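Here are some exercises on how protein chains meet. Have a look at the picture first, then try each task before you read its solution.

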Amino acid sequence: MARERNPIQVIYLAERICGICSFSHIVAFVRAVEDAAKIEVPIRAQYIRSLVLELERIHSHILWAGVACYTFGYDSAFNLGMLLREKVMDVLEALTGNRVNYGVGTVGGVRRDLTPKAAAVVREMIAFYRREFETFLDVVTEDPIAKARMRNVGVLSPEDAVTYCALGPTARGSGLRVDLRHTSPYEAYGDLGVKPVVPQDYTGEVYGDVYDRFLVRVMEVIQSLDLLEKIVDGIPEGPITWEPKLPKVLASLKAADGTGWGIIEAPRGDDTHIVKLTKGEDNLTWWKVRAPTYSNAVSWPLMFMNQEIADAPLIINSIDPCISCMERILVSDEKIGRSEIVTKAQMMEKCREKTRRLMGA
Amino acid sequence: MTCRPEYVKECKCPDEVMNCIRETLGESLLDIELRERWDGCPRRVLYRDIWVRFERGAYLSLVDRLRTIDFLHFHVMSGNDDGDVVTLNVHCSLFREAGEGHRIGITLSVPIPKNDLSIASLGSRIPGTEFSEREMREMLGIHFEGLVNTNLVFLPEDWDEEIKPWRRDETGPSPENIRELS
Amino acid sequence: MKMTRVLEILPKSLWVFHCNSGSCNGCDIEIVATITPRYDIERFGMKLVGSPRHADALLVTGPVTKYMTDRLRRIYAQVPDPKVVIVVGNCGASGDVFFKSYSLDGPVDNIIPVDVYVHGCPPRPEAIIEGAAKAVLLLEKKREELLKAGASR
């Protein structure tokens, strides 16, 4: 598809790879283009990119935490999470005009500036979450049933996380200190001093289970709040694009020749885009996207080992997959030579039943 | 349970890694480049990529050599049909747990001639490459020696396997396979 | 049971089955936003169900990839009459940015008949609620038509 479009047109296609981490895909893509065409981005634009990336991380992580609760039948926590999430959606709307697919990034900078008014909205949001997010944290992490459903479920050992190339919160949940914002700081992250969030810093030990992945995500929301505060306080003045005139940008991209690699830490893990530009051609020569789920899905079979079917939906959800077609699984029991298809609805029912069983016990 | 495996033996600077690559490849090396990016307010180099292009014969020995430095974390494979050859790019990184600004991205790019479109599989060395190798097989028709599971990943199950979507020659999708829409 | 009896049972809340035919998730999270407390479409009795056999309306997002074409047809066939199909998002309505793809069969109205289109990329939850409201009216009309046809038989 992208072979017949120019880089600016592809931005809007990249945005629609995923509706949840849309801005991560844009940033990874434009960084790849900038790498290929050797374009320097103004610092203010880098800060605004980091700002929107962090907002996106907050909304994605809260959504995930809510859905995880929903999976094991904790509907009130799901609704509480979704209610909290609307706040950051409001801020994104105030900042960019859209709730999803913001259309903020462009090659060489960003398209919308951070006005003092928008900065005030962000500050207000930070205060709101510092006040309210604690409740959500308490009702889930302190809840014995929730803990029983997530502890020792879907374990991925650190060794396997390394060899199966797990990414993002999935790897950090297994105790690896990997975070591209830390080991390969891009945009403004070099100034912000991001430390990877790992469970051993909070609970003292690593299980590598669903609970740890949950903990990593909710702690990252809190971390993102701190980062947002630093960004809003420290944002320098200056231009927001390298070249505001679009025809000029396109002309210089047409003259560029080379392969570029953009890699950033999206909410689910690192997001990789590779772009090839050829001199004299308007359009991209080729473009490769690797969304984080693609790498994380490889480690599913390990997490499923010796687990109950009732836990399967939770394990699938625990890497925060970006796919919506996991509707049924094939269950095979080699000992008795039997296999049956379990539909998603049955699976969810089993998952919720287990919670009821635990509550009764 | 242990905190984390000690894969990072010692962190090397990009020059050392590049020398190590040059040494291993010898005659097979076609091209090597280090790219650095300055980001943030005090403009510091915290983001480095190495791009290596070399001949197919040295593929496994280079991967093995890099694996002695640190576990070679695998990101993705990409590829392109360049006329007589199909270029396979393997994107990986070293030192991804080594602390601030230490990660080095490495792209191994290998031209494979179309009349013998095969290369060794990395599956036994880096299990995480399975999906990517299957994808490259279905999209570009590269044969990986040692890849057990050759089911389709992205294409629908009734896909005509003669058609390789990313190819630009006669095995690529013909105009009637493309949905124009506008 | 007589045809007329079955149709009389219908006047109830709208139950919706959501089918993602290769969408980017943007519409899907807006649908989730629609059923959660801020917009709370469940106060009108509408809810998402787990099987197309329980549904009155089929909600489709995405431009329909080749993989999903047949599955979408099968899901459509499983929804009992009277039924309405709601397409949420531009890509389901026209293909939007996904033109010139080798693995696309869409847009949705290429595969199954569509009653209500909700535009936007993604549409706001308010727009989705409006689309659902239109679907209820259409469903009511279809039910009456079926009743008439059944009564005259």
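## Exercise 1: where chain A meets chain C

Let's begin with contacts: 27 residues of chain A touch 23 residues of chain C. Keep in mind that the model is predicted.

**Task.** Work out how much area chain A and chain C bury between them, and which charged pairs link the two chains.

**Solution.**

1. Start with the area. Chain A and chain C together bury about 2,200 Å², and 59% of this lies on carbon and sulfur atoms.
2. Next, look for salt bridges. The rule finds three across this interface.
3. Check one of them by distance. In the pair Glu86(A) and Arg38(C), the closest N and O atoms are 3.9 Å apart. The cut-off is 4 Å, so this pair counts as a salt bridge.
4. Then turn to polar contacts. Two residue pairs, with both residues at pLDDT 80 or more, meet the rule across the interface of chain A and chain C.
5. Now find the elements involved. On the side of chain A that touches chain C, at least two residues each come from α1 (7-15), α3 (43-71) and α4 (75-96) of chain A. The element that gives the most is α4(A), with nine residues.
6. Finish with the classes. This side of chain A has 14 nonpolar, five polar and eight charged residues.

## Exercise 2: where chain B meets chain A

**Task.** Describe the interface of chain B and chain A in the same order of steps, and find which element of chain B gives the most residues to it.

**Solution.**

1. Begin with the contacts: 55 residues of chain B are in contact with 54 residues of chain A.
2. Add the area. About 4,600 Å² is buried between chain B and chain A, 55% of it on carbon and sulfur atoms.
3. Look for salt bridges. The rule finds two across this interface. Asp35(A) and Arg35(B) form a salt bridge through their side chains, with 3.2 Å from N to O.
4. Look for polar contacts. Six residue pairs qualify across the interface of chain B and chain A, both residues being at pLDDT 80 or more.
5. Find the elements. Those of chain B that give two or more residues to the side touching chain A include the strands β1 (29-39), β2 (44-54) and β3 (73-82), as well as the helix α3 (130-140). With eight residues, β3(B) gives the most.
6. Sort by class. The side of chain B that touches chain A has 25 nonpolar, 16 polar and 14 charged residues.

Note on methods
Residues numbered from 1 in each chain as written. Chains lettered and ligands numbered in written order. Predicted model: local features only at pLDDT ≥ 70, side-chain atom pairs only at ≥ 80, totals over all residues. Heavy atoms only, no water. Contact = heavy atoms within 4.5 Å. Buried area = accessible area lost by both parts, 1.4 Å probe. Polar contact = N/O pair within 3.5 Å; in protein donor to acceptor, adjacent residues only side chain to side chain. Helix = DSSP H or I, 4+ residues; strand = E, 2+ residues; numbered from the N terminus. Nonpolar A, V, L, I, M, F, W, Y, C, P; charged D, E, K, R; others polar.
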